[in-house]
Amino acid sequence: MSDSIELVYEVSGDDFTRAGEASSDVKKKLKLMGVHHDIIRKVSIAMYEGEINMVIHANGGTITVVVSDTDVTMVLADTGPGIPDIEKAMTAGYSTAPENVRNLGFGAGMGLPNMKKYSDEFNIESTVGVGTTVTMKVYLQ
Amino acid sequence: MTVGELCDSGKFKVINRGDDTDRQIGAVFCCDLLSIAMSRGIEDAAWVTVMGNINTVAVMALTDMALIVLAEGVQMDAPGLAKAQEEGSCVLASEKPIFDIALEIHELIS
Ligand SMILES: Nc1ncnc2c1ncn2[C@@H]1O[C@H](COP(=O)(O)OP(=O)(O)OP(=O)(O)O)[C@@H](O)[C@H]1O
Ligand SMILES: [Mg+2]
């Protein structure tokens, strides 16, 4: 069994000029590691949506990505406002994105549903006033 | 038809040619909401949209679409253009509506 690789990214809040950088970097690294194209796509979609949510809704946070022999695990932790009703937030089409963010093309309310759909394991924990942690796993085969 | 051939067709304003000019355009995709484009974006597609910002460039790269075509005279903002140049992503632009552009490219690649 080979060692797993850990990548850590600090995501800053409200900075759209850098939004997506962590996901792009992971995509490039997985490509270099020779990970299958379809798996990279799943990781890219799931992670980008999570990264953007941190920028828009949580004033940034930390993303830790671990690539092992069997899977890619992404942990997205923020100390933002938290999500009062997770079930509602997971509903396709539900969004609290403000007007300025909608003008950039966000706010379809599809981010969390995409994250669940494109990851093989999905878990979200959130406490209002404390923050949100999303953990996603994509299997390598 | 390749990305380079579409750039050279004279039908669109070339905002950034990018370095993927030999890539074959396989489809046309239209959408302005990024998280829908993220899950539905078609690999190798020409993506016709009115969203001209850095996030469009990021979504294009993450979904492996071939190029962005900005419709309705929309311009790519400065951070978006810088990102496209950095990533070598192709961005074209036109005054025409989304449907007209999509149809035109569809006919060119069929
Ligand atoms: N990290 C987070 N912290 C606080 N609230 C969040 C977080 N992530 C999501 N939410 C809440 O859940 C809602 C739904 O999120 P989702 O990603 O599905 O849609 P969106 O971000 O509003 O729009 P889209 O992702 O389609 O551009 C958000 O509008 C927001 O209210
Ligand atoms: Mg979102």
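Biologist: Where in chain B does D64(B) lie?

Modeller: D64(B) is in the loop between α3 and β4 (67-70) of chain B. This is a predicted model, by the way.

Biologist: What is notable about the phi of D64(B)?

Modeller: Its sign. Phi of D64(B) is near 60°, which is positive, and D64(B) is not a glycine. E72(B) is another non-glycine residue with a positive phi, of about 60°. E72(B) belongs to the loop between β4 and α4 (78-87) of chain B.

Biologist: D64(B) also turns up in the lining of the largest cavity. Which other residues line that cavity?

Modeller: From chain A you have K27(A), H37(A), I40(A), R41(A) and S44(A), and from chain B E43(B), L62(B) and T63(B) alongside D64(B). α2(A) gives the largest share of that lining, four residues. By class, the lining has two nonpolar, three polar and four charged residues.

Biologist: Why is this called a cavity and not a pocket?

Modeller: The test is whether a 1.4 Å probe that fits inside can get out; here the space counts as a cavity because the probe cannot. About 30 Å³ of space lies in it, and the search of the whole structure finds one cavity of 30 Å³ or more.

Biologist: And the pockets? What is the volume of the largest pocket?

Modeller: About 660 Å³. Its lining has 36 residues, and the closest to the centre are N53(A), H57(A), I83(A), T96(A) and L112(A). The elements giving two or more residues to the lining are α2 (37-57), β3 (71-78), α3 (86-89), α5 (111-118) and β5 (131-139), all from chain A.

Biologist: Which element gives the largest share of that lining?

Modeller: α2(A), with seven residues. The classes in the lining are 20 nonpolar, 12 polar and four charged.

Biologist: How about the second largest pocket: which residues are the closest to its centre?

Modeller: That pocket has a volume of about 470 Å³. Of its 22 lining residues, K27(A), K31(A), R23(B), A61(B) and D64(B) are the closest to the centre. α1 (21-32) and α2 of chain A, plus α3 (54-62) of chain B, each give two or more residues to the lining. The largest share is four residues, from α1(A). By class, the lining has eight nonpolar, five polar and nine charged residues.

Biologist: Let's move to the interface. How many residues does each chain bring to the contact?

Modeller: Chain A brings 25 and chain B brings 23. The area buried between the two is about 1,900 Å², and carbon and sulfur atoms give 51% of that. On the chain A side, K27(A), R41(A) and Y48(A) supply 26% of the area buried against chain B, more than any other three residues.

Biologist: Why give the size of an interface as an area?

Modeller: It is a common choice: the size is often given as the accessible area lost when the parts come together.

Biologist: What makes the pair E87(B) and K28(A) a salt bridge?

Modeller: The cut-off is 4 Å from a Lys or Arg side-chain nitrogen to a carboxyl oxygen of Asp or Glu. For E87(B) and K28(A) the N to O distance is 3.5 Å, so the pair qualifies. The count between chain A and chain B is two salt bridges. There are also 10 residue pairs in polar contact across the interface, with both residues at pLDDT 80 or more.

Biologist: Which elements of chain A supply at least two residues to the side that touches chain B?

Modeller: α1, α2 and α5 of chain A. The largest share of that side comes from α2(A), with seven residues. By class, the side has 10 nonpolar, nine polar and six charged residues.

Biologist: How many salt bridges are there over all chains?

Modeller: The search of the whole structure finds 12. One joins the side chains of D25(A) and K29(A) at 2.7 Å, N to O; the cut-off is 4 Å, so that pair qualifies too.

Biologist: Why are D25(A) and K29(A) separated by about one helical turn?

Modeller: Because they are four residues apart in helix α1 of chain A.

Conventions:
Residues are numbered from 1 along each chain as its sequence is written. Chains are lettered from A and ligands numbered from 1 in the order in which they are written. This is a predicted model: local features need pLDDT of at least 70, side-chain atom pairs count only at pLDDT 80 or more; totals for chains, interfaces and linings use all residues. Side-chain values use heavy atoms; hydrogens and water are left out. On a 1 Å grid over the protein atoms alone, a cavity is a set of points where a 1.4 Å probe fits but cannot get out, and a pocket is an open set with protein on both sides within 12 Å along at least five of seven lines; lining residues have an atom within 4 Å of a point. Grid points are joined across faces, edges and corners, and a volume is the space filled by probe spheres set on the points. Ala, Val, Leu, Ile, Met, Phe, Trp, Tyr, Cys and Pro count as nonpolar, Asp, Glu, Lys and Arg as charged, and the others, Gly among them, as polar. Contact means heavy atoms within 4.5 Å. Buried area is the accessible area (1.4 Å probe) that two parts lose on being put together, summed over both. A polar contact is a pair of N or O atoms within 3.5 Å; within protein, one must be able to donate a hydrogen and the other to accept it, and residues adjacent in sequence count only if both atoms are side-chain atoms.
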